[in-house]
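Open the model in your viewer and keep the selection tool handy. We'll go stop by stop, picking something and seeing what sits there.

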Number of protein chains: 2
Amino acid sequence: MVRPIVVRSLHNQVIQELGKMIVSGELEPGKSLPREELLAESMSVSRTALREAMKVLSAKGLIESRQKTGTRVRQAIHWNQLDADVLAWRCASMPTDTFIEELVEMREIIEPAAAAAAARRHTPEQLTAIKDAYDAMAAAEDLDAWAVADLAFHDRMLRATNNGLLTSLFSVIETALGTYFVMSARNSANFKLALPQHFKVYEAIRRRQPEVARQGMLKLVDDSRSNVHHQPGKANKPQR
Amino acid sequence: MVRPIVVRSLHNQVIQELGKMIVSGELEPGKSLPREELLAESMSVSRTALREAMKVLSAKGLIESRQKTGTRVRQAIHWNQLDADVLAWRCASMPTDTFIEELVEMREIIEPAAAAAAARRHTPEQLTAIKDAYDAMAAAEDLDAWAVADLAFHDRMLRATNNGLLTSLFSVIETALGTYFVMSARNSANFKLALPQHFKVYEAIRRRQPEVARQGMLKLVDDSRSNVHHQPGKANKPQR
DNA sequence: ATAAGTGATTTGTAGTATAAATAGGAAAAT
DNA sequence: ATTTTCCTATTTATACTACAAATCACTTAT
């Protein structure tokens, strides 16, 4: 499950490289980048490829280019924080405790509400999809399989809300949650500890009991939060 | 308040033009675009500018390019729905009833929770900022001034959560909410109808009463929802 | 019938040239 | 001395050309 992220094109490599440097703070906000010609040379790409990458980073709010002035790194306020790449870069380079806190709070807000909505509006097919993910969790024999199934469970629950915006929100924070789930489960001697609680949520959705689903999901999120916090020091070490 | 959106650069124009065409459905998912040389010519720009635009659209998940095969429009599932541009394009071209429903549901989930968080964690400066926005709402003499102050109120409340992800989420849906607020307020004979409820929320935040703030904000969102629904037919007509 | 190979087509990358914007200084006016 | 206007150098923006890389569709050999 070591997502290869085989960057096919050159400009994608440049996007990743510059993006990571900016988000990690290696390139400080307000600071000017070398002018295109020099930067392209130093990265061993053509100015064409560099510029295509810069347009994308600009669209993500990371940089700002103006004629004569040059290109400078923008303040973090302007970053498109909900962009999948930006989140992934934050995750890859030092997921600080405050970042994890923000993520957990987001989950506490979104997921219980989504569970309630799913209980109200799910279709039979969507329910089956959730059940399948649950079964995969139950059948998981190692941490990786568990994490994949766990993500699928939450993903399919979000889809069952039939709200495209909610679904997108999850798919965006999915990357971050991936590393988070592993962190959370790793601390448990038995990584299947959360299985019964998942079943309760599934049952509440199946029986169309929104409030039960909401409470069940809230407990689920809170449990994994406390698991992460039992091991505070290890939080800022990315593996990959 | 007729946001000009003066698109300075050429490739930004191309981004906007193609983006709107895709999101509006004028260019159907799965369909191939003309090859770069032809498309560039038909849009009267160089292939360079066109490609810079395509890289951005590609990053937003709207299109996908492969050598020899060409470039095709991706399914809506893959679109970066929480991208500010994508949301704006959806808004500009036919905000369907289901889209508005999704937006309202999002608000119902996010904003009460955010009000509660703001009540817990706001700083004095942030409280003052909220109060300023409230005062501006109270002093508003026309719908435009009201809408601006209303947006500012919600924006500053979100900021007072001190959660960057929540703040980003709001700034993303802000554009959509802008048109939504106007729609909501236009139906009220007196657009200041919601002012007292805003004050209640502000007071709850000031007194650090999370649950009161949550309930107050929930009522606020629900009220504006019912206002929008009183005039269902007019919902799908963009102005600009 | 199957496999290997070949060519044509489209995007990807590089390089060069010129246009447009503007920061910063020089010159002129007050 | 201060302000205004103008100029110029520098950097990004756009255009154009050429070639590389990938791969679909077809051909050929076995």
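Which residues are the closest to DNA strand C? Select Ser9(A), Leu10(A), Ser46(A), Ala49(A) and Arg35(B), which are the closest of the 20 residues that surround DNA strand C. Being near a strand here means that a residue's C-beta atom, placed from the backbone, lies within 6 Å of it.

Before moving on, some housekeeping. This is a predicted model, in which local features need pLDDT of at least 70 and side-chain atom pairs count only at pLDDT 80 or more, while totals for chains, interfaces and linings use all residues. Residues are numbered from 1 along each chain as its sequence is written, and chains are lettered from A and ligands numbered from 1 in the order in which they are written.

**Stop 1: around DNA strand C**

Color helix H1 (10–23) and helix H3 (47–59) of chain A, then strand E2 (70–73) of chain B: these are the elements that give two or more residues to the surface near DNA strand C. (Helices, H or I with at least four residues, and strands, E with at least two, are DSSP runs numbered from the N terminus.) H3(A) gives the most, with 3 residues. Now color by class, and you get 3 nonpolar, 10 polar and 7 charged residues on the surface near DNA strand C. For the coloring, Ala, Val, Leu, Ile, Met, Phe, Trp, Tyr, Cys and Pro count as nonpolar, Asp, Glu, Lys and Arg as charged, and the others, Gly among them, as polar.

**Stop 2: around DNA strand D**

Swing over to DNA strand D and select Arg35(A), Ser9(B), Leu10(B), Ser46(B) and Ala49(B), which come nearest among the 20 residues around it. Strand E2 (70–73) of chain A, plus helix H1 (10–23) and helix H3 (47–59) of chain B, each give two or more residues to this surface. H3(B) has the largest share, 3 residues. The class count near DNA strand D is 3 nonpolar, 10 polar and 7 charged.

**Stop 3: chain A against chain B**

How many residues does each chain put into the contact? Chain A gives 23 residues and chain B gives 23 residues, where contact means C-beta atoms, placed from the backbone, within 7 Å. On the chain A side, look at H3, helix H5 (97–121) and helix H8 (164–186), each supplying at least two residues. H5(A) brings the largest share, 8 residues. That side of chain A divides into 13 nonpolar, 5 polar and 5 charged residues.

Try superposing chain A on chain B: a rotation of 180° with 0.0 Å of shift along its axis does it, with an RMSD of 0.1 Å. The fit is by least squares on the C-alpha atoms of residues with pLDDT of at least 70 in both copies. The two copies are thus related as by a two-fold rotation axis. Both use the same surface, as 100% of the contact residues of chain A recur in chain B.

**Stop 4: H6(B) and H7(B)**

Stay in chain B and select helix H6 (residues 124–139) and helix H7 (residues 143–159). They pack at about 165° with axes 8 Å apart. Axes are lines fitted to C-alpha atoms, for helices over the stretch in contact, and angles run from 0 to 180 degrees between N-to-C directions. H6(B) and H7(B) are therefore roughly antiparallel (the cut-offs: under 35 degrees is roughly parallel, over 145 roughly antiparallel, 65 to 115 roughly perpendicular and the rest oblique). Show side chains for the contact, including Ile130(B) and Tyr134(B) of H6(B) and Trp146(B) and Phe153(B) of H7(B). By class, this contact has 11 nonpolar, 1 polar and 3 charged residues.

**Stop 5: H6(B) and H9(B)**

Keep H6(B) and add helix H9 (residues 195–206) of chain B; the axes come within 11 Å and cross at roughly 165°. This pair is therefore roughly antiparallel. Among the contact residues are Leu127(B) and Ile130(B) of H6(B), with Phe199(B) and Tyr202(B) of H9(B).

**Stop 6: H1(B) and H4(B)**

Finally, select H1(B) with helix H4 (residues 84–92) of chain B, packed at about 60° with axes 9 Å apart. That makes H1(B) oblique to H4(B). Gly19(B), Lys20(B) and Val23(B) of H1(B) make the contact with Asp85(B), Val86(B), Trp89(B), Arg90(B) and Ala92(B) of H4(B).

How values were computed. Contact = placed C-beta atoms within 7 Å.
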